[in-house]
Amino acid sequence: MNMVEKTLSNWKNSLPNEIPLAGLISINHIAYKWKSLYRARILREVVFWRLHDLLDQSFILHQKGHSLGARILLRSGFETLATLIYLNQLKANVADGSLNFHAFCDKTATLLLGSRNDTTKHKSLSIITILEKCDKKYPGLMHLYADLCESAHPNYEGTCFGYSSIDFESHITTFQNKWTDMYADKHLSSMQLCIMTFKHEYNDVSINETRRLEKWIEENDAELESTKPAD
(Lines give C-alpha, C1' and ligand atoms only; values in the text may rest on other atoms or scores of the structure.)
Protein backbone atom coordinates (compact mmCIF):
# COMPACT_ATOMS: atom_id res chain seq x y z
CA MET A 1 0.00 0.00 0.00
CA ASN A 2 1.55 3.30 -1.08
CA MET A 3 1.54 6.51 0.97
CA VAL A 4 -1.46 8.01 -0.85
CA GLU A 5 -3.62 4.92 -0.51
CA LYS A 6 -2.68 4.47 3.16
CA THR A 7 -3.39 8.10 4.01
CA LEU A 8 -6.76 8.11 2.29
CA SER A 9 -7.72 4.95 4.17
CA ASN A 10 -6.68 6.51 7.48
CA TRP A 11 -8.52 9.73 6.68
CA LYS A 12 -11.73 7.83 6.00
CA ASN A 13 -11.70 6.63 9.60
CA SER A 14 -10.79 10.06 10.96
CA LEU A 15 -13.46 12.25 9.37
CA PRO A 16 -15.39 14.09 12.11
CA ASN A 17 -19.07 13.25 12.50
CA GLU A 18 -20.24 16.39 14.29
CA ILE A 19 -19.15 19.56 16.06
CA PRO A 20 -21.58 20.72 18.76
CA LEU A 21 -21.42 24.47 19.31
CA ALA A 22 -22.23 23.93 22.97
CA GLY A 23 -19.03 21.96 23.36
CA LEU A 24 -16.92 24.76 21.92
CA ILE A 25 -18.64 27.35 24.11
CA SER A 26 -17.98 25.24 27.19
CA ILE A 27 -14.28 25.29 26.32
CA ASN A 28 -14.09 29.03 25.59
CA HIS A 29 -17.35 30.90 26.02
CA ILE A 30 -15.82 34.27 25.08
CA ALA A 31 -14.27 33.25 21.76
CA TYR A 32 -17.12 31.04 20.59
CA LYS A 33 -19.93 33.46 21.25
CA TRP A 34 -18.63 34.97 17.98
CA LYS A 35 -20.11 33.18 14.97
CA SER A 36 -16.95 33.56 12.93
CA LEU A 37 -15.02 31.14 15.14
CA TYR A 38 -17.68 28.48 14.77
CA ARG A 39 -17.88 29.05 11.01
CA ALA A 40 -14.12 28.72 10.76
CA ARG A 41 -14.24 25.42 12.63
CA ILE A 42 -17.01 24.08 10.41
CA LEU A 43 -15.12 25.17 7.29
CA ARG A 44 -11.99 23.37 8.47
CA GLU A 45 -13.89 20.10 8.75
CA VAL A 46 -15.91 20.34 5.52
CA VAL A 47 -12.62 21.02 3.72
CA PHE A 48 -11.34 17.76 5.22
CA TRP A 49 -14.43 15.88 4.02
CA ARG A 50 -14.28 17.39 0.53
CA LEU A 51 -10.55 16.90 0.07
CA HIS A 52 -10.78 13.26 1.10
CA ASP A 53 -13.66 12.71 -1.31
CA LEU A 54 -11.84 14.37 -4.22
CA LEU A 55 -8.49 12.67 -3.65
CA ASP A 56 -10.09 9.28 -3.06
CA GLN A 57 -11.89 9.48 -6.41
CA SER A 58 -8.77 10.85 -8.10
CA PHE A 59 -6.78 7.89 -6.82
CA ILE A 60 -9.41 5.40 -8.03
CA LEU A 61 -9.40 6.93 -11.50
CA HIS A 62 -5.60 6.93 -11.55
CA GLN A 63 -5.54 3.22 -10.71
CA LYS A 64 -7.95 2.51 -13.58
CA GLY A 65 -5.88 4.51 -16.06
CA HIS A 66 -8.33 7.41 -16.33
CA SER A 67 -5.66 10.05 -16.04
CA LEU A 68 -7.62 13.05 -17.31
CA GLY A 69 -10.39 12.63 -14.76
CA ALA A 70 -7.81 11.99 -12.05
CA ARG A 71 -6.07 15.28 -12.83
CA ILE A 72 -9.30 17.27 -12.94
CA LEU A 73 -10.25 15.97 -9.50
CA LEU A 74 -6.76 16.72 -8.19
CA ARG A 75 -7.14 20.28 -9.48
CA SER A 76 -10.29 20.62 -7.38
CA GLY A 77 -8.36 19.13 -4.49
CA PHE A 78 -5.78 21.92 -4.62
CA GLU A 79 -8.58 24.49 -4.77
CA THR A 80 -10.05 22.95 -1.63
CA LEU A 81 -6.66 22.89 0.09
CA ALA A 82 -6.19 26.56 -0.78
CA THR A 83 -9.41 27.41 1.05
CA LEU A 84 -7.97 26.06 4.30
CA ILE A 85 -4.62 27.77 3.78
CA TYR A 86 -6.39 31.07 3.17
CA LEU A 87 -8.60 30.63 6.24
CA ASN A 88 -5.51 30.06 8.37
CA GLN A 89 -3.92 33.17 6.90
CA LEU A 90 -6.98 35.21 7.83
CA LYS A 91 -6.82 34.00 11.44
CA ALA A 92 -3.16 34.97 11.60
CA ASN A 93 -3.90 38.39 10.12
CA VAL A 94 -6.46 39.15 12.83
CA ALA A 95 -4.12 38.06 15.62
CA ASP A 96 -1.29 40.09 14.07
CA GLY A 97 -3.47 43.19 13.79
CA SER A 98 -3.47 43.46 10.00
CA LEU A 99 -7.13 42.46 9.54
CA ASN A 100 -10.17 43.90 11.28
CA PHE A 101 -12.00 41.22 13.22
CA HIS A 102 -15.41 42.19 11.90
CA ALA A 103 -14.04 42.00 8.35
CA PHE A 104 -12.80 38.53 9.27
CA CYS A 105 -16.33 37.64 10.33
CA ASP A 106 -17.62 38.66 6.90
CA LYS A 107 -14.91 36.68 5.15
CA THR A 108 -15.70 33.50 7.07
CA ALA A 109 -19.34 33.86 6.04
CA THR A 110 -18.29 34.25 2.42
CA LEU A 111 -15.91 31.29 2.52
CA LEU A 112 -18.48 28.99 4.10
CA LEU A 113 -21.64 30.24 2.42
CA GLY A 114 -20.48 31.80 -0.84
CA SER A 115 -22.05 30.76 -4.15
CA ARG A 116 -22.04 31.73 -7.81
CA ASN A 117 -25.54 30.53 -8.66
CA ASP A 118 -27.38 32.69 -6.11
CA THR A 119 -28.28 29.78 -3.84
CA THR A 120 -27.03 31.98 -0.99
CA LYS A 121 -26.85 35.72 -0.48
CA HIS A 122 -23.04 35.61 -0.32
CA LYS A 123 -21.02 35.80 -3.53
CA SER A 124 -18.11 33.39 -3.39
CA LEU A 125 -14.55 34.62 -3.65
CA SER A 126 -12.48 34.01 -6.76
CA ILE A 127 -10.46 30.84 -6.25
CA ILE A 128 -7.66 32.40 -8.28
CA THR A 129 -7.44 35.26 -5.79
CA ILE A 130 -7.26 32.74 -2.96
CA LEU A 131 -4.61 30.66 -4.72
CA GLU A 132 -2.48 33.73 -5.41
CA LYS A 133 -2.45 34.52 -1.69
CA CYS A 134 -1.56 30.91 -0.88
CA ASP A 135 1.25 30.94 -3.45
CA LYS A 136 3.06 33.54 -1.33
CA LYS A 137 3.38 30.93 1.41
CA TYR A 138 3.85 27.95 -0.89
CA PRO A 139 5.72 29.20 -3.98
CA GLY A 140 4.94 27.06 -7.00
CA LEU A 141 1.38 26.31 -6.00
CA MET A 142 -0.05 28.55 -8.71
CA HIS A 143 2.21 26.99 -11.34
CA LEU A 144 1.08 23.50 -10.37
CA TYR A 145 -2.54 24.61 -10.40
CA ALA A 146 -2.15 26.25 -13.81
CA ASP A 147 -0.67 23.02 -15.14
CA LEU A 148 -3.69 21.07 -13.92
CA CYS A 149 -6.01 23.70 -15.42
CA GLU A 150 -4.51 23.08 -18.85
CA SER A 151 -5.72 19.50 -18.54
CA ALA A 152 -9.16 20.55 -17.29
CA HIS A 153 -9.80 23.15 -19.99
CA PRO A 154 -10.25 22.59 -23.74
CA ASN A 155 -7.09 24.53 -24.54
CA TYR A 156 -4.22 23.20 -26.64
CA GLU A 157 -3.19 20.60 -24.07
CA GLY A 158 -6.74 19.65 -23.20
CA THR A 159 -7.60 18.93 -26.83
CA CYS A 160 -4.88 18.70 -29.49
CA PHE A 161 -1.97 17.64 -27.31
CA GLY A 162 -4.01 15.24 -25.22
CA TYR A 163 -5.64 13.42 -28.13
CA SER A 164 -3.57 13.79 -31.27
CA SER A 165 -0.10 13.48 -32.76
CA ILE A 166 1.24 14.97 -35.97
CA ASP A 167 3.64 13.36 -38.41
CA PHE A 168 5.12 16.48 -39.96
CA GLU A 169 6.84 14.61 -42.77
CA SER A 170 3.70 12.89 -44.04
CA HIS A 171 1.32 15.62 -42.85
CA ILE A 172 -0.90 13.09 -41.11
CA THR A 173 -2.61 13.66 -37.77
CA THR A 174 -3.43 10.56 -35.77
CA PHE A 175 -5.74 10.42 -32.77
CA GLN A 176 -5.34 8.59 -29.48
CA ASN A 177 -5.81 9.14 -25.75
CA LYS A 178 -2.37 10.21 -24.48
CA TRP A 179 -3.20 11.24 -20.93
CA THR A 180 -1.86 8.19 -19.13
CA ASP A 181 1.41 8.31 -21.05
CA MET A 182 1.80 12.01 -20.31
CA TYR A 183 0.93 12.18 -16.63
CA ALA A 184 0.42 8.84 -14.88
CA ASP A 185 4.01 8.68 -13.62
CA LYS A 186 3.84 11.96 -11.70
CA HIS A 187 0.24 11.89 -10.54
CA LEU A 188 0.92 10.24 -7.19
CA SER A 189 3.72 12.68 -6.36
CA SER A 190 1.33 15.59 -6.93
CA MET A 191 -1.25 13.88 -4.73
CA GLN A 192 1.40 13.41 -2.04
CA LEU A 193 2.22 17.11 -2.15
CA CYS A 194 -1.44 17.99 -1.70
CA ILE A 195 -1.79 15.53 1.18
CA MET A 196 1.35 16.62 3.03
CA THR A 197 0.47 20.31 2.72
CA PHE A 198 -3.05 19.64 3.99
CA LYS A 199 -1.75 17.66 6.95
CA HIS A 200 0.48 20.56 7.97
CA GLU A 201 -2.26 23.17 7.56
CA TYR A 202 -4.94 21.05 9.26
CA ASN A 203 -2.95 19.54 12.13
CA ASP A 204 -0.44 22.28 12.89
CA VAL A 205 -1.23 25.68 11.39
CA SER A 206 -4.99 25.59 11.92
CA ILE A 207 -4.72 24.59 15.57
CA ASN A 208 -1.98 27.09 16.37
CA GLU A 209 -3.68 30.00 14.63
CA THR A 210 -7.03 29.15 16.20
CA ARG A 211 -5.48 29.24 19.67
CA ARG A 212 -3.82 32.56 18.92
CA LEU A 213 -7.08 33.97 17.65
CA GLU A 214 -9.04 32.70 20.67
CA LYS A 215 -6.55 34.41 22.99
CA TRP A 216 -6.70 37.61 20.94
CA ILE A 217 -10.49 37.66 21.14
CA GLU A 218 -10.42 37.18 24.90
CA GLU A 219 -8.04 40.13 25.23
CA ASN A 220 -10.07 42.37 22.91
CA ASP A 221 -13.61 41.23 23.60
CA ALA A 222 -14.82 44.47 25.14
CA GLU A 223 -13.69 46.52 22.15
CA LEU A 224 -15.18 44.00 19.74
CA GLU A 225 -18.52 44.22 21.51
CA SER A 226 -18.53 48.01 21.32
CA THR A 227 -17.64 48.07 17.61
CA LYS A 228 -19.63 45.16 16.24
CA PRO A 229 -22.02 46.05 13.38
CA ALA A 230 -25.74 46.06 14.04
CA ASP A 231 -27.55 42.93 12.83
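Mentor: Let's begin with one term: two residues are in contact when they have heavy atoms within 4.5 Å. Keep in mind, too, that this is a predicted model.

Trainee: Thanks! Let me try the term on Phe78. Which residues is Phe78 in contact with, leaving aside its neighbours within four places in sequence?

Mentor: Phe78 touches Leu131, Leu141, Leu144, Leu148, Ser190 and Cys194, once those sequence neighbours are set aside. Phe78 also belongs to the largest nonpolar core.

Trainee: How should I read a nonpolar core, and which residues touch the most other members?

Mentor: The general idea is that in soluble globular proteins, nonpolar side chains tend to be buried together. Here the largest such core has 49 residues, and the ones touching the most other members are Trp11, Leu55, Phe78, Phe101, Phe198 and Ile217. At least two core residues come from each of these helices: H1 (3-12), H3 (35-63), H4 (67-96), H5 (101-113), H6 (127-137), H7 (141-152) and H9 (179-227). Helix H4 gives the largest share, ten residues.

Trainee: Let's step back to the whole protein. How many helices and strands are there?

Mentor: You can find nine helices and two strands. Starting at the N terminus, the order is α-α-α-α-α-α-α-α-β-β-α. Try following that order through the picture: eight α elements, two β elements, then a final α.

Trainee: What box do the C-alpha atoms fill?

Mentor: Along the principal axes, the box is roughly 80 × 35 × 35 Å. Of the 231 residues, 43% count as buried. The protein exposes about 12,800 Å², and carbon and sulfur atoms supply 53% of that area.

Trainee: And how do I read contacts by their distance along the chain?

Mentor: Take the contacts between residues at least 6 apart in sequence; 66% of them join residues at least 24 apart. It also helps to compare separation along the chain with separation in space. Gly114 and Leu125 are eleven residues apart along the chain, and their C-alpha atoms are separated by 7.1 Å. For Gly65 and Arg211, which are 146 residues apart along the chain, the C-alpha separation is 43 Å.

Trainee: Where do those two glycines lie?

Mentor: Gly65 sits in the loop between H3 and H4, while Gly114 is in the loop between H5 and H6. Gly65 is partly exposed at 35% relative accessibility, and Gly114 is partly exposed at 27%. Not counting residues up to four places away in sequence, Gly114 touches Ala109, Thr120, His122, Lys123 and Ser124.

Trainee: Next, backbone angles. What should I look for in phi?

Mentor: Most residues other than glycine have a negative phi. Asp118 is not a glycine, yet its phi is positive, at about 65 degrees. Likewise, His171 is not a glycine and has a positive phi of about 60 degrees.

Trainee: Where is Asp118 found, and is Asp118 buried or exposed?

Mentor: Asp118 lies in the loop between H5 and H6. Its relative accessible area is 70%, so Asp118 counts as exposed. His171 is in the loop between strand S1 (164-167) and strand S2 (172-175), and it is exposed too, at 68% relative accessibility.

Trainee: Now the cysteines. How many disulfides does a search of the whole structure find?

Mentor: Zero. To check a cysteine yourself, look for the closest other cysteine sulfur. For Cys149 that sulfur is in Cys194, at 14 Å, which is too far for a bond. Cys160 is in no disulfide either; its nearest cysteine sulfur, that of Cys149, is 18 Å away. As for accessibility, Cys149 is buried at 9%, whereas Cys160 is partly exposed at 43%.

Trainee: One last topic: charges. Is Glu209 buried or exposed?

Mentor: Buried, because its relative accessibility is 16% and the cut-off for buried is under 20%. Glu209 is found in helix H9. Aside from its neighbours within four places in sequence, Glu209 is in contact with Asn88, Lys91 and Ala92.

Trainee: How far apart are the mean positions of the positive and negative charges?

Mentor: They are 4 Å apart, taken over 26 positive and 28 negative charges.

How values were computed. Residues numbered from 1 in each chain as written. Heavy atoms only, no water. Core = buried A, V, L, I, M, F, W, Y, C linked by side-chain atoms within 4.5 Å. Buried < 20%, exposed > 50% of the residue type's maximum accessible area, 1.4 Å probe, protein only. Helix = DSSP H or I, 4+ residues; strand = E, 2+ residues; numbered from the N terminus. Disulfide = S-S within 2.5 Å. Areas by Shrake-Rupley, 256 points an atom, 1.4 Å probe, with all protein chains shown as cover. Lys, Arg positive; Asp, Glu negative; His and termini not counted. Charge placed at Lys NZ, Arg CZ, Asp CG, Glu CD.
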